[in-house]
Amino acid sequence: MATDAAHDAHEHHHYTTTGLDHKKIAIWAFIGSECMLFMSLISTYLIYKGKSVVGPWPHEFWCKATNTAAATAEALAGCPADQIYKPILNIPVTSASTFVLLMSSLAMVLALAAVEMKDQPLPAGAGLGDRMLRSSKLWLWMTAILGATFLGFQAYEFTSFVHEGLTIKTNLFGSSFFTLTGFHGAHVTAGVIWLLTLLAIDYKRGLGPKDALKVDIAALYWHFVDVVWIAIFTLIYLIQ
Amino acid sequence: MSSNSAHSEEAHEHPTWSTYKWIALWLTLITVVEVWAYYIPAFVASNYFVPALLIMSAVKFTVVVMYYMHLKYDHALFRKLFVGPLIIAIATFFALMFVFRKMFQ
Amino acid sequence: MATTAAHAAPVASEENTGLWSWLSTVDHKRIGILYLYTALFFLVVGGLEATVMRTQLMKPNLTVVTAEQFNQLFTMHGTTMVFLVIMPLSAAFFNFLIPLQIGARDVAFPRLNAFSYWVYLFGGLFITLPILGWIAPNGGWFGYAPLTTRAYAPGLNIDFWVLGLQILGISSLAAAFNFITTIINMRAPGMTLMRMPMFTWMSFVVQFLVILAFPVITIALVFLQFDRFFGTQFYEIAAGADPLLWQHLFWVFGHPEVYILILPAFGLVSEVLPNFSKKPLFGYNVMVYSGIMIGFLGFGVWAHHMFAVGMGAVADTLFSLTTMLIAIPTGVKIFNWIFTMWGGQIRFASPMKFAIGLIAMFTIGGISGVMHSSPPSDLQQTDTYFVVAHFHYVLFGGAIMGIFSGIYFYFPKMTGRLMDEGLGTLHFWLNFIGLNLTFFPMHFSGMLGMPRRIYTYDAGQGWELFNMMSTMGTYLLVVSTLVFFYNFFKSRVSGQVAGNDPWEAPTLEWSIPSPPPDYNFAQIPVVTSRYPLWDLKHPEKTAGVDHSSASIEEVTGAHAVPMHEETERRTAKELGLPMPFPTIKPLFTALFMVLMIGGMVLKTLTPLSVFVATLITLAALMVGSLYAWLTSPLE
Ligand SMILES: [Cu+2]
């Protein structure tokens, strides 16, 4: 199998000015560009925060009959029960999905490490844990499954919001919220497809150190999507 | 964590499982604190809530970028390619918040 | 096969001809030429639109076109000139020149490069063809929402615009990632950043402007698209939306966009001026820094387009100040060009005439731009013909003049033949007089209160003379452009044979045959200064320029050899150079993507099921082509 020398030969197949790979430079430029994309989406959400003329609202109860908002349901005394809409954002569920996405990032770094170390012999007396850390398939699957779980949470979140009376057409909050989180979800979806493609390669011919760069680039994209979620979780969900 | 910074020249040198594990733990911990803070009405009402949350999320952001995206260990070029656009994005964000009277006025 | 004589007539090798070779090409030079021809075609389209408008405005109360047709004409004139002419003409030079100037054999991602071009072509046709049926976009090139939401613009017109710009944005973004990587990673040994030719430098800055500005308009367009197709409320004032959201997002993109349009032209004249003054560029470092500064500050001035909306004193003052600040690096460039010519052995060939034309005309437009930076003054000028005069001086007098300069300069490198000097001079003077006759009177009609975008006007307001002058100037520009095209096509066939280096130029692209062989450089040269070819042929000119050699590792890694001229024309196979395979897959990926995004117009035309089925089919075809592309080997 590939040795260090083969690794080097692959790296220097084409001369580059910086000694770095083209694709890695391109993905970082792409990530820089994505900063502006998500900046525009997040800014719009925040600009429109509190500007919707009707509910439901992200953090407050809303009485449809009187079009008034309050921090608690009790404060809307006199409002018929079927006219009261709950605060839309579901912090416990989203906290769980945030945790899932953070863990997927951990799985992703382990997948990359496993690919990079594939050819190194296991240390003497290696246990099950050491063996697991060498399995790129395990960690790629783990990342993809955690990513898909995040998407499952998002699907659940979206459908329950629709049941609670918020669609993309309802108000400015609905429009900006679904577009922002939808864009993020689309990025996660693309990431899952990318991971599955890597897995297909892994099953077909095995990913080794010579493929580390391929996995690294996918990982950078994946972590960036995670980082965007870190910003969204705080700015959109937690800050009221 | 610090032991790894010695290898900053090597693009493929990176932290190990134990570093990753600790980072994941810290990220989880900060997230727990963030959500916890959300459920303390007195704190939410105070002037410290927003800055505290922003700082915590900035720390998470930085940790993921520096360690998971190994910007800390990688070629300086990548840092420039990321930080430059990030600065413009953050500056534009604040400028937009300013013109829409969401801040400073 | 091998043509050894440096001045033999250029011949195309057999495998490089035929339609298929163009459809499947991944050669940056051929893609550059495709960009050039396509953009020149759209220049004719945009120019004709302007000619019809000027004919309508020649006298008061004419009825050459209706008000609605006039709206479509000015919208498409602006959209065409910005997105389908100036940007792609710049892209033609990015493609053709950047690898040659940095000593590379191609761009970093040759197939992505082909993809960018095909997306541009198909997207350009998508947005242009509707005018044939008078259903073209009609909301201005800036498409202000809520005016462009479904409630106020119910037809297909704006649908074409929103979707078309989305498509063109993808083309620009893909190209930008490609060129950033190329410039960072494919320079010949010894070519440090501060030794790059100025055109490559300005292009480098522009690519960053593209990757940072285009995502913002992408999102603004997504909001508009969602409002129009899916009933979101981003621009719905009754729902509490802010009428300024679009304007802010658009101009966060829009101001960097004007530098995306002008900086490549600045780069081109920065190549031409030293060359025809036979002196190194004055203040190279400062030119680089001011280019970067213009790009960076360009993100902090956008709201100067919006002084009239009432943002308040603080915002007006801040944006006014940053705008005035940006005049400094721009002025620095003007002075450096003048000092480059100072004391030089100036030769007034056509490229030089257009380059000097840029300096003069851009300065006029720049000065009226500084006038707008002051809100009280801007309030008098905004939305009048004064502003039209301003931006035509910077974009026609600046960008287009610079690009013409570049075309005359690089035509011999692209085709192997020189353009006719006499016709070039005629073109320059007709163009120069026509442009001033067209746009200078607009300062006056604007100051007399003539608003932009009106389709006709009444007599007796003092605007007649100025409008007549502008229209006559436009006709003169039509004639001058015809002269250019005649010169272009005539010289392509029978122009004087150029040889490697017809201008005695200093940079790498002139050290190889014209047109260059598909591998560009048989042997990568080692670069030891900013002016490698002058080092070789006119060392006296570069005595004052910093020299040093590249590191041994770099030189051996690139199999580079000392700076030399290449006159032999052999095939890549004979030289044993691996070349990327031609492939049609990027074309198909681009085609299906454009059809998928463009297919959104069906939303209001067909039942939902047909719409969804069409989109899913096209998406599947696109992903299929993409995977076919990604899984086939590059070379
Ligand atoms: Cu501007």
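## A tour of chains A, B and C

Begin where chain B meets chain C: the two bury about 1,200 Å² between them, and 89% of that area is on carbon and sulfur atoms. Keep in mind that this model is predicted.

**Stop 1: chain B against chain C**

Select B:Ile88, B:Val99 and B:Phe100. Within chain B, these residues lose the most area to chain C. Together they account for 40% of what the chain B side buries. Now widen the selection to the full contact. It takes in 11 residues of chain B and 18 residues of chain C.

Colour the chain B side by class. You should see 9 nonpolar residues, 1 polar and 1 charged. How many salt bridges are there between chain B and chain C? The count is 0. Polar contacts give 1 residue pair between these two chains, with both residues at pLDDT 80 or more.

**Stop 2: chain A against chain B**

Move to the interface of chain A and chain B. Here the buried area is about 4,100 Å². Carbon and sulfur atoms give 79% of it. The contact uses 50 residues from chain A and 43 residues from chain B.

Which residues form the salt bridge across this interface? Select A:Lys24 and B:Asp74. Their closest N and O atoms are 2.7 Å apart. The rule finds 1 salt bridge between chain A and chain B, while the structure holds 17 over all chains. Trace the pair back to its elements. A:Lys24 sits in helix α2 of chain A. B:Asp74 sits in the loop between α3 (49–68) and α4 (76–99) of chain B.

Next, list the polar contacts. There are 4 residue pairs across the interface of chain A and chain B, again with both residues at pLDDT 80 or more. On the chain A side, show α2 (22–47), α3 (91–116) and α7 (212–238); these are the elements that give two or more residues to the side touching chain B. Of these, highlight α7(A). It gives the most to this side, with 15 residues. Then colour the chain A side by class: 34 residues are nonpolar, 10 polar and 6 charged.

**Stop 3: the largest cavity**

Switch to a cavity display. The model has 8 cavities of 30 Å³ or more. The largest holds about 200 Å³ of space. Which residues are closest to its centre? Select C:Met87, C:Pro88, C:Ala91, C:Ser172 and C:Ala175, which lie closest to the centre among the 19 residues of the lining.

Now show the helices around the space. In chain C, α3 (67–102), α5 (157–185), α6 (198–230) and α7 (245–277) each supply at least two residues of the lining. By class, the lining has 15 nonpolar and 4 polar residues. Charged residues are absent from the lining of this largest cavity.

**Stop 4: backbone details**

Finish with the backbone. Go to A:Gly55 and A:Pro56 in chain A. A cis peptide bond joins them, with omega about -5 degrees. A:Pro56 is in the loop between α2 and β1 (61–63) of chain A.

Jump to chain C for another cis peptide bond, between C:Ser514 and C:Pro515. Omega there is about -10 degrees. Look for C:Pro515 in the loop between α14 (464–494) and β1 (525–526) of chain C.

Where is C:Asn61? This residue lies in the loop between α2 (28–56) and α3 of chain C. Check its phi: the value is near 55 degrees, positive in a residue other than glycine.

Technical notes
Residues are numbered from 1 along each chain as its sequence is written. Chains are lettered from A and ligands numbered from 1 in the order in which they are written. This is a predicted model: local features need pLDDT of at least 70, side-chain atom pairs count only at pLDDT 80 or more; totals for chains, interfaces and linings use all residues. Side-chain values use heavy atoms; hydrogens and water are left out. On a 1 Å grid over the protein atoms alone, a cavity is a set of points where a 1.4 Å probe fits but cannot get out, and a pocket is an open set with protein on both sides within 12 Å along at least five of seven lines; lining residues have an atom within 4 Å of a point. Grid points are joined across faces, edges and corners, and a volume is the space filled by probe spheres set on the points. Helices (H or I, at least four residues) and strands (E, at least two) are DSSP runs, numbered from the N terminus. Ala, Val, Leu, Ile, Met, Phe, Trp, Tyr, Cys and Pro count as nonpolar, Asp, Glu, Lys and Arg as charged, and the others, Gly among them, as polar. Contact means heavy atoms within 4.5 Å. Buried area is the accessible area (1.4 Å probe) that two parts lose on being put together, summed over both. A salt bridge is a side-chain nitrogen of Lys or Arg within 4 Å of a carboxyl oxygen of Asp or Glu. A polar contact is a pair of N or O atoms within 3.5 Å; within protein, one must be able to donate a hydrogen and the other to accept it, and residues adjacent in sequence count only if both atoms are side-chain atoms.
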